[in-house]
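Trainee: Please take me through one chain of this model at a slow pace. I'd like to hear how it is built, and then what its surface and its charged contacts look like.

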Amino acid sequence: MAIFSASDERRFMPWRVWIAAISVVALATVPLAGQSSGKPAPASVAKPVKSVNVVKKTPWGDPDLQGVYTFSTLTPLQRPDALAAKVALTEAELAEQEERDAENRVAEDRPLAPGNPGTYNNFWTSNEKGRRTGRSSLIIDPQDGRRPPLTPQAQKLRDQLTDEAAARRVGTPPFDHVIYRSWKDLPAYTQCVSRPMPRQSQAYNHGLQILQVPGYVVIHYESMHDVRFIPLDGRPHLPDNIRLWNGDSRGHWEGNTLVVDWTNFDPRQEYEGAPQGNMHFVERFTRVDAKTIDYEVTVDDPTTWTKSWKFLLPWRADDPNYQKPEDLYEYACHEGNYRQMEDALNGSRVLEHAAGK
Amino acid sequence: MRMKLLVALAAGGLLLDGAATAMPAHHAFNSEFDAAKPIKLTGIVKKMEWINPHSWLTIDVKKADGTVETWEIEAGAPNAMFRRGFNRNSLPIGTEVVVNGFQAKDGRKRANGRDISFPDGKKLFMGSSGTGAPGDDPLKP
Amino acid sequence: MRDRLIVARLPPLCYTVARLREVRRTRRRFTVLTIAFAAAVAGAVLSQAAARVVAQAPAAAYRAPRTPDGKPSLNGIWQAMNEANWDIEAHGTGPSPYPELLGALFAQPAAQGVVEGGPLPYTPEALAKKKENFAKRLTRPTSRELNETTGDPEAKCYMPGVPRATYMPMPFQIVQTPQQVLIAYEFANATREIHIGRKPEAPAESWMGWSIGHWEGETLVVDVTDQIDRTWFDRAGNFHSSALHVIERYTPMSADHLMYEATIEDPKVFTRPWKMSMPLYRRVEKNALFIDFKCVEYAQEFMYGHLLSK
């Protein structure tokens with residue numbers, strides 16, 4: 001707190017004007033200060049502008065991707081042989097395909113082939129089946145809409161796995177079964193340990209929410225109650241020895257697109273039938289309209305595929321089942337999995353005994 | 001470690017084409033239930049657990065000789081049902097149901113309930129049309 | 001009072017006050033009047049703001065930064081720093097479950113407890129059940145019935161429920177938006193949504209409960225109901241029924257800590273409601289990050305080891 005001498009007075013002559021000005025400003029702000037709690041300070045909140053071309057932004061100026069979405073689709077990841085060179089479907093073709101989808105839903109409830117214990121009657125999930133996109137496949141690169149070939153080492157690994165599983169098969173088809181020696185012989189998802197990422201096709205519970213706060217984009221998935229925190233502050237990835245089932249994500253904005261670099265996967269995690277330890281994804285999230293986020297993923301793993309590939313899957317907010325955050329219910333998988341694990345493992349013990357193993 | 005990885009992936013069953021399949025691929029049905037052991041049971045609902053990854057319905061089944069057996073029936077995933085307005089009160093204790101499915105491989109009184117319906121044949125939770133086709137409101141009588 | 005207020009809170013005007021003394025004997029009355037007028041205005045503004053803060057949050061002198069919708073911001077990575085997960089009541093030190101194997105590792109530290117006002121008000125039957133819980137806390141679940149009735153759910157990597165998730169010895173992150181507060185806990189990667197501004201109904205019970213929140217001044221108040229009865233309050237076997245009703249209060253106390261309070265009502269287990277409270281601290285290290293603790297793989301042998309190939 002400085003004390004100024006009288007001789008400074010001349011230098012501070014204009015201070016009378018300053019004090020007067022401050023008083024006037026203070027008077028003007030008294031009513032607003034009195035209402036300070038509970039109401040936003042008007043200057044800092046961007047008011048929505050009614051213009052077609054203005055991208056929705058969060059109050060702190062990031063593009064706004066927030067919402068509840070479903071990523072369900074009936075468009076397959078890979079283009080079916082029957083549609084070989086066809087990248088997109090016409091309206092008529094799309095309508096015809098959707099009719100066939102409806103018929104398939106009914107067909108799921110028909111009697112089963114011998115050896116197939118089946119699934120639950122279709123009513124449980126028929127509302128979750130999703131729509132077709134206009135494309136013939138989710139994969140947009142390579143041009144043929146199919147994954148690139150496996151590398152020789154990846155093919156060798158796959159053959160080894162097939163042989164190894166075959167060695168654990170007992171009984172005669174169609175009533176043959178694979179023996180599970182322990183929980184490790186079951187897929188990670190059946191164990192309720194984890195579910196593959198990135199999420200693409202899923203029969204049901206394919207809802208998620210994008211939330212944003214300053215410095216983070218957060219994705220909360222209903223399935224496995226997974227949550228991904230994507231820091232936007234440019235920090236480096238976790239060290240290479242930290243490997244996570246859901247990997248490690250780092251995001252930044254390129255114009256209106258959120259670009260996320262995704263690494264550090266647990267090598268026991270798998271994606272598209274391959275171990276995920278060397279996989280590197282780059283995701284691009286772009287809001288297309290009020291109800292759609294284009295979700296594009298570049299998949300890169302030179303130890304598995306001969307070149308990188310890309311898929312595009314729209315995340316939709318137009319599904320009546322997935323409108324509000326409360327439409328995403330708790331998915332306590334492991335907590336409810338005791339009977340399933342008991343049946344799977346004990347069933348194998350019975351089979352081993354019967355097979356004299 | 002490599003062996004463990006091989007084993008984990010072999011179990012994966014994810015050596016598929018990755019297409020969105022109709023069959024919920026999250027569960028190895030063959031591992032738990034035996035397609036060679038079909039069952040058809042009529043019983044009274046004792047408990048309905050709306051849990052994941054599967055709901056479980058416990059029913060008391062009266063056998064021909066008058067004794068009662070308790071069976072646990074594995075049913076579908078509940079969250080999709082919640083989104084359609086069903087809740088914990090939707091299948092009251094004491095309701096009579098008919099279950100078609102397949103028994104657990106180890107022979108215990110558990111089964112996968114592929115079809116669960118009322119004694120008059122009307123499918124559980126389904127309306128009269130109820131084919132699941134688009135535009136079909138299964139909740140309408 | 002006003003002068004003190006000015007001196008304490010307005011460093012730029014300290015100069016003005018000093019100057020005021022200097023010019024007391026000058027002939028520049030206009031100058032003096034201008035200063036007095038400015039001080040009066042500033043005092044009015046501040047005392048209004050101070051009065052408003054005092055009226056809304058009697059306990060909290062701290063006013064947290066606001067989110068864009070004007071609410072106190074709870075965003076960040078937080079963690080409890082106490083021994084509540086061992087035992088929420090006051091307790092002494094104690095051995096680990098297997099001292100012959102672990103030595104002093106995982107032995108229990110003493111703590112004054114986070115429960116306010118004496119021992120937990122159990123009914124006599126419930127107190128017996130709590131003791132049985134503790135005695136059998138590491139019973140391996142060799143059947144479904146045993147799994148559902150016995151053993152510490154933490155050992156099975158089951159989601160801890162509310163309030164235990166808050167004081168697990170791991171961080172959690174709060175993500176606050178106008179219509180919802182999402183809390184993600186590292187332990188078991190458990191998540192919960194707190195709905196704000198609307199009251200949807202729970203379709204069924206859940207492990208992390210159904211949470212409806214609203215703001216009372218500086219405090220987020222959360223009503224938690226419909227929790228499945230298989231979670232515990234701690235490793236000591238303190239438990240609840242499906243009638244559990246929890247009312248949480250989160251109040252920012254400084255830039256880097258909150259006060260957490262939870263009132264517990266469960267007429268099937270306790271003779272009256274009771275309350276726990278504890279500070280929650282912000283993880284302030286550079287690049288603090290939520291890292292999943294997906295622990296199912298570590299629980300499997302404990303839970304399913306009896307079903308392995310011989």
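**A close look at chain C**

Mentor: Of the 310 residues in chain C, 54% count as buried (under 20% relative accessible area; exposed is over 50%, partly exposed in between, with a 1.4 Å probe and protein chains only). Keep in mind that this is a predicted model: local features need pLDDT of at least 70, side-chain atom pairs count only at pLDDT 80 or more, and totals for chains, interfaces and linings use all residues. Residues are numbered from 1 along each chain as its sequence is written, chains are lettered from A and ligands numbered from 1 in the order in which they are written, and side-chain values use heavy atoms, without hydrogens or water.

On to the build. Chain C has seven helices and nine strands (DSSP runs numbered from the N terminus: H or I of at least four residues, E of at least two). Those nine strands close into a barrel, going round from β1 through β2, β3, β4, β5, β6, β7 and β8 to β9, with mixed pairing (a pair needs at least two DSSP bridges). From one strand to the next, the twist averages 30° (axes fitted to C-alpha atoms, angles from 0 to 180 degrees between N-to-C directions).

Zoom in on one piece of that barrel: β2(C), residues 172–177, and β3(C), residues 180–185, run antiparallel and are joined by six bridges. Across this pair, Q176(C) stands opposite V181(C) of β3(C). Ahead of β2(C) comes the loop that follows α6(C), residues 144–149, and P163(C) lies in that loop. The peptide bond between V162(C) and P163(C) is cis, with omega at about 15°. Chain A has a cis bond too, between D141(A) and P142(A), again with omega at about 15°.

How do the contacts spread along the sequence? Taking the contacts in chain C with a separation of 6 or more, 57% are between residues 24 or more positions apart (contact is heavy atoms within 4.5 Å).

Now the outside. Chain C exposes about 14200 Å², and 58% of that comes from carbon and sulfur atoms (Shrake-Rupley, 1.4 Å probe). One spot to find is a nonpolar surface patch of about 530 Å², made by Y98(C), L101(C), L102(C), L105(C) and F106(C). L101(C) sits in helix α4(C), residues 99–102, and counts as exposed because its relative accessibility is 66%.

Last, the charges. D256(C) and R282(C) form a salt bridge, 3.3 Å from N to O (the rule: a Lys or Arg side-chain nitrogen within 4 Å of an Asp or Glu carboxyl oxygen). D256(C) is in the loop between β7(C), residues 245–254, and β8(C), residues 257–265, while R282(C) is in strand β9(C), residues 274–282, so the pair ties together parts 26 residues apart in sequence. Both ends count as partly exposed: D256(C) at 36% relative accessible area and R282(C) at 26%.

Which residues of chain C belong to the salt-bridge network with chains A and B? They are R144(C), E145(C) and E148(C), linked in with R339(A), E342(A), D343(A), K47(B), E49(B), E72(B), D106(B), R108(B) and R110(B). Over all chains, the count comes to 52 salt bridges.

Methods. Patches are made of residues with over 30% relative accessible area and no salt bridge: like charges are joined within 9 Å, nonpolar side chains (Val, Leu, Ile, Met, Phe, Trp, Tyr) within 5 Å.
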